Amino acid sequence: MAEKMSELIITEKPAQAEKIATALADTKAKKKLLNKVPYYEIEHDGHPIIVGCAVGHLFTLAEKKRKSWTYPVFDIEWKPAYAVKKSAEFSKKYTETLIELAKRADVFTVACDYDTEGSVIGFNCIRFICHKKNAKRMKFSTLTKDELIESYKNASKTLDFPIIEAGETRHFMDYYWGISMSRALTLAIKTAGAFKIMSVGRVQGPALKIVVQREKEIQIFKSEPFWEVELQTKDFIASHKDGKFFEKKRVDDILQKTKGKDALVTTVKEKEVLQDPPHPFDLTTLQIESYRCFGFTPKETLSIAQDLYTAGLISYPRTSSQKLPPSLNLKKIIQGLAKQEEYKALCNELLKGKLVPHEGEKVDPAHPAIYPTGELGKIKERQVKVYDLIVRRTLATFASPAKRKIVTAVLDVNNELFVARGAVTVEKGWHAFYGIYTPIKDEKIPDLKEKQVIKKPKIESLEKETQPPKRYTQASIIKELEKRNLGTKATRAAIIDALYLRHYVTEKTLKATKLGIATIETLEKFCPEIIDDKLTEHFEKEMEEIRAQEKKEDEILEEAKKELVKILDKFKKNEEGIGKGLLLATRETQQEENTIGECPVCKKGMIMLRRGKFGQFAACNQYPSCKTTYSVPSNALIKPTKTPCPSCNFFTVLAIRKGKRPFPYCLSKTCPKKLEWIKQQQEKQLNKSAEEKSLEKS
């Protein structure tokens with residue numbers, strides 16, 4: 001047996017293990033492999049340490065004894081993830097490696113991310129792998145060398161049990177709710193004569209309800225015509241002071257009254273306003289801003305931010321804080337950023353004055369707002385965009401307010417008043433630091449003087465229609481969930497993703513499908529408690545009370561069990577009605593989801609996705625009278641799109657493969673771009689085969 005080491009540090013992921021080992025090592029960290037899993041042997045102040053890693057959650061909740069398709073489910077326990085999920089088989093070697101490393105240690109330190117999930121991951125490793133009840137805890141917000149050394153030096157002697165208890169309560173409650181409700185829905189639809197795996201979670205249900213409510217508002221909306229009246233010159237446009245008109249007669253009267261008349265400028269008012277800098281980013285505002293600037297989904301932004309954090313370039317992204325405390329050594333951060341040429345001038349400008357950030361109200365007990373560390377590193381194109389956004393946002397928070405000049409002029413045309421407005425930035429302030437991401441644009445100021453006469457300006461009416469409320473985007477729904485205290489900063493993006501995966505919503509803006517609408521309508525009719533956001537919010541607050549040590553895990557879980565039993569008893573009594581309500585919508589949604597477009601050959605049928613003996617393909621639904629078929633990429637999730645091929649204008653589908661970016665695939669057999677792509681793939685395969693043969697010979 002290898003010589004016994006005195007301490008094992010457990011990190012959440014392999015990249016973090018390398019960062020911590022490198023930071024703490026007195027000399028060079030020795031990288032070793034066990035089961036092809038990396039770990040590190042180091043000495044810190046002469047003290048021997050092993051740094052090992054998990055790979056996210058090594059343990060997951062599962063039933064103690066599987067009772068097929070019964071509910072509610074409460075008899076659950078933590079089990080190794082690889083023993084429960086096929087997709088988690090890769091985690092087995094990490095679990096086994098930590099078991100071996102734990103045998104060589106008598107002191108244990110958790111260095112997983114300092115948040116709810118990281119705390120639960122670390123505690124599960126300590127109790128199930130190391131067979132200990134407690135351990136030391138490192139707490140850090142960045143993976144920079146200085147902070148990691150300080151974090152190790154000041155590690156707490158005990159784990160953060162209130163956070164662990166709150167996190168475990170959430171896991172148990174989500175499992176109770178998710179598995180029980182999903183089984184109930186699936187069995188209900190089965191009683192109606194079909195089988196489809198249905199899903200509705202503790203937060204997913206209320207989230208879908210919000211989307212469906214908006215969809216219904218859009219469906220029942222009836223557009224009304226209205227008119228606006230404008231005074232137009234070559235230099236400016238002025239709008240009638242009354243804004244919208246819903247009576248055409250009033251518009252005709254104004255046009256008749258002002259026809260051929262001069263306009264007199266009665267007042268011109270100028271004022272200057274100061275516009276405060278933005279607040280530092282918390283995760284939600286970063287996701288919203290990243291969607292606005294780049295079109296990145298909240299899930300994509302979180303993934304990119306996590307990679308930047310792991311690379312040591314930004315602080316921990318899963319934070320709800322908008323605070324940058326002085327303890328961060330803000331001057332040092334700005335000085336570090338000044339070493340990057342694109343930020344040098346901006347940073348040097350800030351360093352001339354006092355560094356005081358314009359903070360928001362939101363706080364997080366574990367982490368500050370998201371900020372760049374000032375360290376350098378190589379990053380990819382998409383990461384560069386989010387990194388630049390974070391850097392410029394951080395710099396902007398330290399900058400002076402922007403000054404805007406606003407001019408309002410009133411013009412009188414035969415006693416009908418028109419208002420011209422303009423606004424320009426006269427002192428850029430923080431605008432110069434936020435750069436292209438600044439959402440404020442200049443509007444040309446009309447050059448007018450009081451008592452000035454405008455000779456016979458053009459006055460005309462514009463006919464418009466009232467517009468329905470906008471659908472939620474993936475960014476705006478995240479904001480709405482936060483406002484209602486549904487889910488957490490770390491889980492909201494995954495909840496939205498689940499709505500897409502279960503075909504409850506579709507399109508870039510969240511359009512509720514027939515299945516999504518029917519699910520909410522059916523549950524509202526027979527069992528509204530399942531989608532009650534007030535109930536979900538109630539339990540969210542109680543989990544915060546656990547974290548604040550005001551309540552205990554057991555009492556919250558007992559309350560949740562009683563509530564769930566009551567809800568599911570009511571559900572069971574209405575199972576048949578619920579099943580019938582969902583069945584038709586399921587079939588209609590499946591039809592909708594699989595339809596690509598009108599058959600270009602017979603013009604009677606629709607090209608639809610089908611599954612045959614050799615996998616998925618696209619074909620006309622008028623078979624056998626029409627035998628038109630098209631191949632689609634194998635080993636991928638295929639989704640129809642409404643976007644024609646840019647090369648040949650034919651149908652495209654979206655091919656989604658695990659771990660790779662989705663790509664559009666043209667169905668045309670003669671598309672030049674597609675043929676070129678196929679040729680490139682064949683050449684790559686030939687080159688790969690040639691390399692393999694060369695290696696075999698050598």
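What follows is a friendly exchange about side-chain pairs and one helix in a predicted model.

Colleague: Glad to look at this predicted model with you. How many salt bridges does a search of the whole structure find?
Modeller: Happy to help! Side chains of opposite charge can pair when their charged atoms come close. Here a pair counts when a side-chain nitrogen of Lys or Arg is within 4 Å of a carboxyl oxygen of Asp or Glu. Searching the whole structure that way gives a total of 51.

Colleague: Let's take Glu168 and Arg127, which meet in a salt bridge. How many residues apart are they?
Modeller: Their N to O distance is 2.6 Å. Glu168 belongs to helix 6 (residues 161-191), whereas Arg127 belongs to helix 4 (residues 116-129). The pair therefore links distant parts of the chain, and the separation is 41 residues.

Colleague: Is Glu168 buried or exposed?
Modeller: The cut-off for buried is under 20% relative accessible area. Its partner Arg127, at 23%, counts as partly exposed. Glu168 has 11% relative accessibility, so the term that applies to Glu168 is buried.

Colleague: Which residue forms a salt bridge with Asp160?
Modeller: Asp160 sits in the loop between helix 5 (145-153) and helix 6, and its partner lies 23 residues apart in strand 8 (residues 136-137). Asp160 is buried at 7% relative accessibility, and the partner is buried too, at 1%. With the closest N and O atoms 3.2 Å apart, the partner is Arg137.

Colleague: Why does the pair of Arg484 and Asp533 tie together separate parts of the sequence?
Modeller: The closest N and O atoms of this salt bridge are 3.2 Å apart. Arg484 lies in the loop between helix 15 (474-483) and helix 16 (492-501), while Asp533 is in helix 18 (residues 533-547), so the parts they join are separated in sequence by 49 residues.

Colleague: And which of those two, Arg484 or Asp533, is buried?
Modeller: Arg484 has 26% relative accessibility and so counts as partly exposed. At 15%, below the 20% cut-off, the buried one is Asp533.

Colleague: On to the rings: is the pair of Phe294 and Tyr437 stacked or edge-to-face?
Modeller: A pair of aromatic rings is described by the distance of the centres and the angle of the planes. For Phe294 and Tyr437 the centres are 5.9 Å apart and the planes stand at 85°. Since planes over 60 degrees apart fall in that class, the pair is edge-to-face.

Colleague: Which residues form one aromatic cluster?
Modeller: The Phe294 and Tyr437 pair links parts 143 residues apart, with Phe294 in helix 9 (residues 283-294) and Tyr437 in the loop between helix 14 (431-434) and strand 14 (453-454). Phe294 is partly exposed at 22%, whereas Tyr437 is buried at 5%. The cluster holds both of them, and its full list is Phe294, Phe296, Trp430, Tyr434 and Tyr437.

Colleague: Over the face of which residue does Lys244 lie?
Modeller: There is also a charge over a ring elsewhere: the charged end of Arg183 sits over Trp69, 6.0 Å from the ring centre. For Lys244 the distance to the ring centre is 4.8 Å, and the residue is Phe226.

Colleague: One last thing: what do the buried residues of helix 20 pack against?
Modeller: Helix 20 (residues 575-594) reaches 28 Å from its first C-alpha to its last, close to the 28 Å expected. Its buried residues include Ile578, Leu582 and Leu583. The buried residues of helix 20 pack against helix 6, strand 16, helix 17, helix 19, strand 18 and strand 22.

How values were computed: Residues numbered from 1 in each chain as written. Predicted model: local features only at pLDDT ≥ 70, side-chain atom pairs only at ≥ 80, totals over all residues. Heavy atoms only, no water. Helix = DSSP H or I, 4+ residues; strand = E, 2+ residues; numbered from the N terminus. Buried < 20%, exposed > 50% of the residue type's maximum accessible area, 1.4 Å probe, protein only. Phe/Tyr/Trp six-rings, centres within 6.5 Å; stacked < 30°, edge-to-face > 60°. Lys NZ or Arg CZ within 6 Å of the ring centre and 35° of its normal. Expected span 1.5 Å × (residues − 1). Contact = heavy atoms within 4.5 Å.
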